[in-house]
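Please examine the fold of this chain and follow its strands before turning to individual backbone angles.

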Amino acid sequence: MKLTNKFILTLLTVFFHTYLFSQKTIELKNSDLEGVNSEGKFWWWNNVAKNGADATFSVEDFDTNPGSSRALKIRTHKLGDKGWFLSTQFNQKFKGQEGDKITVTFYAKNRSGNGKIKLVLQSDIKGSFQGKDFILSEDWTSYTHTFNLKSNSNNQGIKFWYMTENTEFLLDDLSISK
């Protein structure tokens, strides 16, 4: 009887500890890139090409991540002088505290198999910028990176910078856990 009680207590302690310290997925709107507005653009997403940068942003409905019906297609023509001149921003912000671990996972590919993108995490607080470069495969691949937040903010945000000229990127299924 004592052994059974100790076992049950140990098991409950492990489950409680796992629950407290496990990452939880943040509820996001259209992070799977399936919802399109009347203009044919993904809602909750904003594409930017400025200061001489040029790209064609469109909805891909054929070559998509398995299990998906749409993906964001980015055909880069010309990069700007700065990385952020050619980018896509997920417009839903989320709360975070300094020191929180934020894990970002997304699926992507590059038609030529060597395109570089930068995953960016930044808030409205000066000095909060963090980035991680990825060289993409020509096959749909899951990419993951964990950031340690540098600031307390209700406006933490995710962006993708496109760092290779004259190539085609495909992006799909973003998730954020904390």
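Which residue in strand 9 is the bridge partner of phenylalanine 90? In this predicted model, the partner is isoleucine 158. The wider setting is the pairing of strand 4, residues 86–96, with strand 9, residues 153–162. These two strands run in the antiparallel sense and are joined over six bridges.

Strands 4 and 9 belong to an open sheet of five strands, arranged in the order 1-4-9-6-7. The pairing in this sheet is antiparallel. At its edges lie strand 1 (45–49) and strand 7 (130–135), each of which pairs on one side only. From one strand to the next, the twist averages 25°. In the strand order, strand 4 stands between strands 1 and 9, while strand 9 stands between strands 4 and 6.

The backbone angles draw attention to two further positions. Asparagine 51 has a phi near 50°, a positive value in a residue other than glycine. Where does asparagine 51 lie? It is found in the loop that links strand 1 to strand 2, the latter covering residues 54–60. Asparagine 51 counts as exposed because its relative accessibility is 56%, and the cut-off for that class is over 50%.

Aspartate 173 likewise is not a glycine, and its phi is positive, at about 50°. Aspartate 173 is found in strand 10, which comprises residues 167–177. Thus asparagine 51 is placed in a loop, whereas aspartate 173 is placed in a strand.

How values were computed: Residues are numbered from 1 along each chain as its sequence is written. This is a predicted model: local features need pLDDT of at least 70, side-chain atom pairs count only at pLDDT 80 or more; totals for chains, interfaces and linings use all residues. Side-chain values use heavy atoms; hydrogens and water are left out. Two strands pair if DSSP finds at least two bridges between them. Helices (H or I, at least four residues) and strands (E, at least two) are DSSP runs, numbered from the N terminus. Axes are lines fitted to C-alpha atoms, for helices over the stretch in contact, and angles run from 0 to 180 degrees between N-to-C directions. Buried means under 20% relative accessible area, exposed over 50%, partly exposed in between (1.4 Å probe, protein chains only).
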